[in-house]
Amino acid sequence: MDTILEVKNLHVTFSTYGGTIKAVRGVDFHLNKGETLAIVGESGCGKSVTSNAIMRLIPDPPGKITNGTIVFKDKDLTALPEKTMRSIRGVDISMIFQDPMTALNPTLTIGTQLMEGVRQHHRITSDQAKSKALEMMHLVGIPNPTERLKQYPHQFSGGMRQRIVIAMALICEPELLIADEPTTALDVTIQAQILELFDEIQEATGVSIILITHDLGVVAKIADRIAVMYAGKIIEVGTKREIFYDPQHPYTKGLLKSVPRLDVTGEKLVPIDGTPPDLFSPPKGCPFTARCPFAMEVCDKVYPVTTEQSDTHKVDCWLQDERAKQLLAASAIKQ
Ligand SMILES: Nc1ncnc2c1ncn2[C@@H]1O[C@H](COP(=O)(O)OP(=O)(O)OP(=O)(O)O)[C@@H](O)[C@H]1O
Ligand code: SF4
Ligand SMILES: [Mg+2]
């Protein structure tokens, strides 16, 4: 399978009056062409910082990519001049943000905004831009596109506005689409429709997608692979099947317990006790130690080695280490 993006040992920090926040602390992952990778984890674990780093949209100061590489189709984005990045953003890599209103200009018609989007990057006539805009409106499922092009953002419902934002992100035919919580602001039925739309778009265009969310229900619907983030690190990654049916990290298991099941009514969400560590001075060892029911002596002292459960399934937890397994087996015999 072709890899379109490879992130290696990514570190991002923010310098503040209170000290340096280590928001992303050595993140590694890759994205295959045409697949959807979901990045999940609790609020503040570094999902948006990771995706903004790919777009090179970390505000500097206070933020900085202090280490690592982000290779997109043979180019290390961390090393490119800002001018080159500007020609990549919105063209090769597009991003959809959480709030559709901030991505749209309330004073311009949808048609103008879509057409400007494409004409900024490609030399085409206004007729060509208009037909591209109509094609995109059609792709994202907006009825009566010719009429709708003349309207302003406030004349659209929340779900329709999000479709337009998606159309804007896709109009230059990017190869990579990063969607940061694209459905959080929408109600549940509309959410489901937008998720279906992602699937349809991927089928039609072959675009590779990174989907950021804290909602595992969303992930269950459309992800091929899942990376679980905790306190600035990816602590487990695997195919959707591996993560949902064979999770290994205690944090992933806890997250899965807290997913409301669609087929069971009245079931309560089970939050994981405790809070993530302070990112000003994150622990040397496993950041989940303070909340983990299985924590061992080694856990808060040394960061776990990554173990491979399969070619696609990797986990950072001492419980998977052979030595820990032997110790546990020995202590079970003694009891
Ligand atoms: N501009 C900034 N200045 C200082 N700290 C920041 C800045 N942006 C992010 N951070 C810090 O980086 C950490 C990771 O933030 P990030 O926005 O990536 O979280 P997230 O996983 O996207 O959470 P959420 O689910 O709430 O969107 C947090 O501790 C946050 O406070
Ligand atoms: S390394 Fe230790 S503390 Fe961390 S998740 Fe595994 S058992 Fe729990
Ligand atoms: Mg975020």
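**A walk through the predicted model**

Glu42 is partly exposed, as 17 other C-beta atoms lie within 10 Å. That makes a handy place to start in this predicted model. Glu42 sits in the loop between strand 3 (36-40) and helix 1. Leaving aside residues up to four places away in sequence, Glu42 touches His214 and Pro276. Val305 is another matter: Glu42 and Val305 are 263 residues apart in sequence, and their C-alpha atoms are 22 Å apart in space.

Just past that loop comes helix 1 (47-54). Six of its eight residues are buried, so helix 1 is largely enclosed by the rest of the structure. The buried ones are Lys47, Val49, Thr50, Asn52, Ala53 and Ile54. After helix 1 comes Arg56, with a positive phi near 55 degrees. The loop between helix 1 and strand 4 also holds Pro61 and Pro62, and cis peptide bonds turn up here. One joins Asp60 and Pro61, with omega at about -5 degrees; another joins Pro61 and Pro62, with omega at about 10 degrees.

Helix 1 also has a part in the surroundings of ligand 1. The shell around this ligand holds 17 residues, and the closest are Ala23, Ser43, Lys47, Ser48 and Val49. Strand 1 (3-16), strand 2 (19-32) and helix 1 each give two or more residues to this shell, and the largest share, three residues, comes from helix 1. By type, the shell is made up of eight nonpolar residues, eight polar ones and one charged.

As for the strands that help to line ligand 1, strand 1 and strand 2 form a hairpin with two residues between them. The two run antiparallel and are joined by eleven bridges, and Phe14 has Ile21 in strand 2 as its bridge partner. Strand 1 also pairs with strand 4 (residues 63-72), again antiparallel, this time through eight bridges. Here Thr13 has Lys64 in strand 4 as its bridge partner. In the loop between strand 4 and strand 5 (75-76) lies Asp74. Its phi is positive, about 75 degrees, although Asp74 is not a glycine. Asp74 is exposed, with 6 other C-beta atoms within 10 Å.

Elsewhere there is an open sheet of eight strands, in the order 6-7-8-3-9-10-12-11 and with mixed pairing. Strand 6 (93-96) and strand 11 (306-308) stand at the edges; each has a single partner strand, so one side of each is left without a neighbour in the sheet. On average, neighbouring strands of this sheet are turned by 20 degrees against each other, direction ignored. At one end of the order, strand 6 runs parallel to strand 7 (residues 176-180), and four bridges join them. Ile93 stands opposite Leu176 in strand 7. Helix 7 (residues 158-170) lies across strand 6 and strand 7, at about 165 degrees to strand 6.

Further along the sheet, helix 11 (residues 250-257) lies across strand 9 (225-230) and strand 10 (233-239), running at about 105 degrees to strand 9. The loop between strand 9 and strand 10 is the place of Ala231. Like Asp74, Ala231 is a residue other than glycine with a positive phi, in this case near 45 degrees. Ala231, though, is buried, with 24 other C-beta atoms within 10 Å, whereas Asp74 is exposed.

On the scale of the whole chain, the domain assignment gives domain 1 (3-92 + 176-334) and domain 2 (105-173). Taken over C-alpha atoms, their centres are separated by 32 Å. Where the two meet, 13 residues of domain 1 are in contact with 13 residues of domain 2. On the domain 1 side, helix 8 (residues 188-205) gives the most, with seven residues. This side divides into ten nonpolar residues, three polar and no charged.

Finally, there is ligand 2. It has 14 residues around it, of which Cys286, Cys292, Ala295, Cys299 and Cys317 come nearest. The shell around ligand 2 holds twelve nonpolar residues, two polar and no charged, while the shell around ligand 1 includes one charged residue.

Note on methods:
Residues are numbered from 1 along each chain as its sequence is written. Chains are lettered from A and ligands numbered from 1 in the order in which they are written. This is a predicted model: local features need pLDDT of at least 70, side-chain atom pairs count only at pLDDT 80 or more; totals for chains, interfaces and linings use all residues. A residue is near a molecule or strand if its C-beta atom, placed from the backbone, lies within 6 Å of it. Ala, Val, Leu, Ile, Met, Phe, Trp, Tyr, Cys and Pro count as nonpolar, Asp, Glu, Lys and Arg as charged, and the others, Gly among them, as polar. Domain bounds come from an automatic or database domain assignment. Two residues are in contact if their C-beta atoms, placed from the backbone, lie within 7 Å. A residue is buried if 20 or more other C-beta atoms lie within 10 Å of its own, exposed if 12 or fewer, and partly exposed in between; C-beta atoms are placed from the backbone. Two strands pair if DSSP finds at least two bridges between them. Axes are lines fitted to C-alpha atoms, for helices over the stretch in contact, and angles run from 0 to 180 degrees between N-to-C directions.
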